[in-house]
Amino acid sequence: MTADGHPSRIADVEPDELADKLEQAPASVRSGSRIAAATHGQPAGANETELSTHKGLTVRLQGLRAFYGSTEAVKGVDLDFNANEVTAIIGPSGCGKSTMVRCINRMHEEVAGARAEGRVLLDETDIYGGGVDVVAVRRAIGMVFQKPNPFPTMSIFENVASGLRLSSPSRGRHAKAALHAKVEQALRSAGLWDEVSDRLSEPGAGLSGGQQQRLCIARSLAVDPDVILMDEPCSALDPIATLKIEELIGRLKARVTIVIVTHNMQQAARVADRTAFVLDGRLVEIGPTLQLFTTPTDSRTEEYVTGKFG
Amino acid sequence: MSAQAQPVQPGRFRLSASRRRRDRFARTAILAATLVALLPLALIIYYLLHKGLSAWSSSFFTTDPTGNTFFKSSSIGGIKSAILGTIEIVALAAAISIPVGVGVAVWLVEYGRHSRLASLVRFFIDVLTGVPSIVFGLFIYIVLIVGTGTTYAGYKGSLALALLMLPIVTRSAEVILQLVPTTLRESALALGAPRWRVVSRIVLPTAFSGLVTGVLLAIARAAGETAPLLFTAGATLKTNTDLGGFTNSLPLQIYYDVTQPTTAVVNRAWGAALTLVIMIGALNLIARLVARRSRLA
């Protein structure tokens, strides 16, 4: 909370204590308070321990609608992404699943003429609420894109460090040793450390496609996000690289909430705890993955997962 | 399955005589057009080297064109002041137009994007690109010389050239910045980077070599311009390192020399022209080498 002038992340606070504080705070303060706290960064020294004890946060979509100009791509979706779960979003091309995910870290509005309505709650905070710092939202909610896209001017090390360097207001905050530890930790978490530890100063673009994508995951992990959004992260990768990413997703969910958009239903079946089926901008059905694929309640879901369309 | 396959009819793939004739005609015509286009270029290079090299001497680059033109050709002097003047004037013009031009391009690509103001700015940049170079000179002449009641100065020539370079720099920078993949910007934004940091730490470094190429080409273009300098920079024979005073330049030196009756002085124009072409050629070459190192497709 920022009220006492000591910024601290809610993730550091005991859940009960957090609930108490949220109860005490008036609604106007609650909304955006966590985000405001995140803008101040975290106290130095918290870096070491935080990642290991880090937990994901819940994301709730409430009446989310997203537009490109006058075209409505997401037409009112209510959907919960549980903390420390992998939730897959499946659906045919153009159904709005990518747009929906891009609304969660407010990347949707980066497209010219795009806007969103409704609420997206990160834990308790509406990230579309007044006074919310977009930059802090994106720091808390990382994103991995379809094509691996390491920054071409940067080395492997710099790529992983980029999130910390780009978002922290002062350079001095990240002492060299602490930064190095952070980068190593992120690369280890992404399962890439053993492959690149001897060539951290080489360009990130020199890695293979699968390694580049894990580098991008390491890059987003380095800023300790609460949620990671993955927009078809394996669609540009071969099956072996895909397998590695999927194993990684399984390990990462212990510390972050993961939302993964995928075209590949087998992939959803392999990695996701729950799967949501989206059609024409609307949520058709969400349920435990096995149930959605074997005994869907909606006939359209059944037709889609059995390959009758899409 | 294979029993039913039709045999290929004889002659089915034969090239007809008329097709062959038309093909040969078209190829010849295209080759001829290419040669016609190359001819003036070859002649220019031939005359430049032939006449220019004979004007070059050891003192050509180290003396000012202050000698007496009515006596021996060896005493008319070289083009030192013109070379230095061109470098000074163009350097100042670049120092003005590069930050402004790249700044406008960054605004157009990263901030203005599809807004109405951005379209308006693009429109004016396009108009500016099509303005004849002498108009920039005229503008500076009216505003800074007639308007202030002062006289020619090197920096006024620089301003005219800066106006000329501005749309070139802006346009090329805009094209290059648009080549930077959107996903790079989005990745940086998604990491929680403020937009100005995304621009300064990701977009500009990624586009750097492309920006340098565009800037060098704009400089090369400006270095060869005569018209904007004619009635802004003035011309002087002596070397002048102060851009507040009359400043000589290679295009003006050539312009004045070719109108002189003395053969040796006209030949000096050729020597100066060869020097100018080599300087501009070097800039173009560097621009190409830099472009090769580009990280953009």
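**Figure 1. A:Asn105 sits in the loop between helix H5 (97-104) and strand S4 (114-122) of chain A.** The model shown here is predicted. A:Asn105 counts as buried because 28 other C-beta atoms lie within 10 Å, and the cut-off for buried is 20 or more. Its partner A:Arg138 is 33 residues away in sequence, yet the two C-alpha atoms are 5.3 Å apart. Beyond neighbours within four places in sequence, A:Asn105 contacts A:Val137, A:Arg138, A:Ile141, A:Met143 and A:Leu229. One further contact of A:Asn105 is in chain B: B:Ala190.

**Figure 2. Chains A and B meet through 23 residues of chain A and 20 residues of chain B.** On the chain B side, helix H6 (182-190) and helix H7 (195-223) each supply at least two residues. H6(B) gives the most, with seven residues. By type, the chain B side divides into ten nonpolar, five polar and five charged residues.

**Figure 3. The largest nonpolar core has 139 residues.** Those with the most contacts inside this core are A:Ala218, A:Val259, A:Ile260 and B:Met165. Helix H5 (residues 154-179) of chain B contributes the largest share, 14 residues. Another core, of twelve residues, lies apart from it. Its members include B:Ala55, B:Ile79, B:Ile83 and B:Ala269. In soluble globular proteins, nonpolar side chains tend to be buried together.

**Figure 4. A:Val259 and its contacts.** Residues up to four places away in sequence are not counted. A:Val259 touches A:Phe81, A:Thr87, A:Ile89, A:Val101 and A:Ile104. It also touches A:Val227, A:Leu229 and A:Met230. A:Val259 is among the residues with the most contacts inside the largest nonpolar core.

**Figure 5. Two loop residues on either side of strand S7 (227-231) of chain A have positive phi.** A:Asp224 is in the loop between helix H10 (209-221) and S7. Its phi is near 55 degrees. A:Glu232 is in the loop between S7 and helix H11 (239-252). Its phi is near 45 degrees. Neither residue is glycine. Most residues other than glycine have a negative phi. A:Asp224 is buried, because 25 other C-beta atoms lie within 10 Å. A:Glu232 has 19 C-beta neighbours inside 10 Å, so this residue counts as partly exposed.

**Figure 6. Helix H8 (residues 176-189) of chain A has the expected span.** At 1.5 Å a residue, its 14 residues should cover 20 Å. The end C-alpha atoms are 20 Å apart, so the two values agree. The buried residues of H8(A) are A:Lys182, A:Val183, A:Gln185, A:Ala186, A:Leu187 and A:Ser189. A:Gly191 follows the helix, with a positive phi near 70 degrees.

**Figure 7. Strands S9 (residues 274-279) and S10 (residues 282-288) of chain A form an antiparallel hairpin.** Six bridges join the two strands. A:Thr275 has its bridge partner in S10(A), at A:Gly287. Two residues lie between the strands. In the turn, A:Asp280 has a positive phi of about 50 degrees.

**Figure 8. Confidence along chain A.** The mean pLDDT of chain A is 82, and 80% of its residues reach 70 or more. Over residues 1-51 the pLDDT is below 50. Beyond near neighbours in sequence, this stretch has 59 contacts in the model.

Methods:
Residues numbered from 1 in each chain as written. Chains lettered and ligands numbered in written order. pLDDT = per-residue confidence, 0-100. Contact = placed C-beta atoms within 7 Å. Core = buried A, V, L, I, M, F, W, Y, C linked by C-beta atoms within 7 Å. Helix = DSSP H or I, 4+ residues; strand = E, 2+ residues; numbered from the N terminus. Expected span 1.5 Å × (residues − 1). Nonpolar A, V, L, I, M, F, W, Y, C, P; charged D, E, K, R; others polar. Pairing = 2+ DSSP bridges.
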